[in-house]
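Reader: I would like to learn how to read a helix in a model such as this one, and how far to trust what I read. Could we go through it step by step?

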Amino acid sequence: CFHANGVKTHAWLMGLLPSQTKEELIADFATIKKCIDDIDNVYMGSFILFPSTDMFLQPHKFNILQISEAKDIHYDGYTFSSTHNGQEIDIEKLKKYLNETIRPFISKKKFITNRYDRFFDDKFFAEKNTVLKQQGKK
């Protein structure tokens, strides 16, 4: 419906949220695969925990067990461990699934970019689209 009317669609997705399970991430990936042909631009980032947010200030409400400072606080936020239904989440397994399964799938199908690149650098975006068209991805 959107494409028929000349409207481009963009998906800015976030994974690795506190208490997110691998099953939920897999379900998100299934949705991406189902909708990929109707999306023009996709980006899937990782959740970043920053101070002064509700999750940081009241971690128990969001199943966050522990918060520790990351190497680059402005870029990486804080690292955390969390639970789902009383079971601790293995965030490293989720990161691996995101980085080795979801992101490669998206990058093979669509132009994957950081949202700031997309909106603030039209020349960059136009050049990337040209390359994708030449590769038969657009």
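Author: Let us begin with length, bearing in mind that this is a predicted model. At 1.5 Å a residue, helix 1, with its 14 residues (22–35), should span 20 Å, and its end C-alpha atoms do lie 20 Å apart, which agrees.

Reader: Which residues of helix 1 are buried?

Author: The general idea is that an α-helix has 3.6 residues a turn, so residues three or four places apart point the same way. In helix 1 the buried residues are Leu25, Phe29 and Ile32. Viewed down the helix axis they fall within an arc of 55°, so they line one face of helix 1. The face turned away from that buried side carries the exposed residues Glu23 and Lys34, while the cover over the buried residues includes strand 1 (10–15), strand 2 (41–46) and helix 4 (91–109).

Reader: And how should I read a loop residue such as Ile48, which sits between strand 2 and helix 2 (54–57)?

Author: Ile48 counts as partly exposed because its relative accessibility is 32%, a value between the 20% and 50% cut-offs. Its C-alpha atom is separated by 8.0 Å from that of Thr79, although the two residues are 31 residues apart along the chain.

Reader: Where in the protein chain is confidence lowest, and where is it highest?

Author: The mean pLDDT is lowest in helix 5 (residues 115–120), at 49, and highest in strand 5 (residues 87–88), at 94. Over residues 117–121 the pLDDT stays under 50, and the model has eight contacts beyond four places in sequence for them. The chain as a whole averages 80, with 73% of the residues scoring at least 70.

Note on methods:
Residues are numbered from 1 along each chain as its sequence is written. This is a predicted model: local features need pLDDT of at least 70, side-chain atom pairs count only at pLDDT 80 or more; totals for chains, interfaces and linings use all residues. Side-chain values use heavy atoms; hydrogens and water are left out. Helices (H or I, at least four residues) and strands (E, at least two) are DSSP runs, numbered from the N terminus. The expected span of a helix is 1.5 Å times one less than its number of residues. Buried means under 20% relative accessible area, exposed over 50%, partly exposed in between (1.4 Å probe, protein chains only). The arc is that of the directions from the helix axis to the C-beta atoms. Contact means heavy atoms within 4.5 Å. pLDDT is the predictor's confidence in each residue, from 0 to 100.
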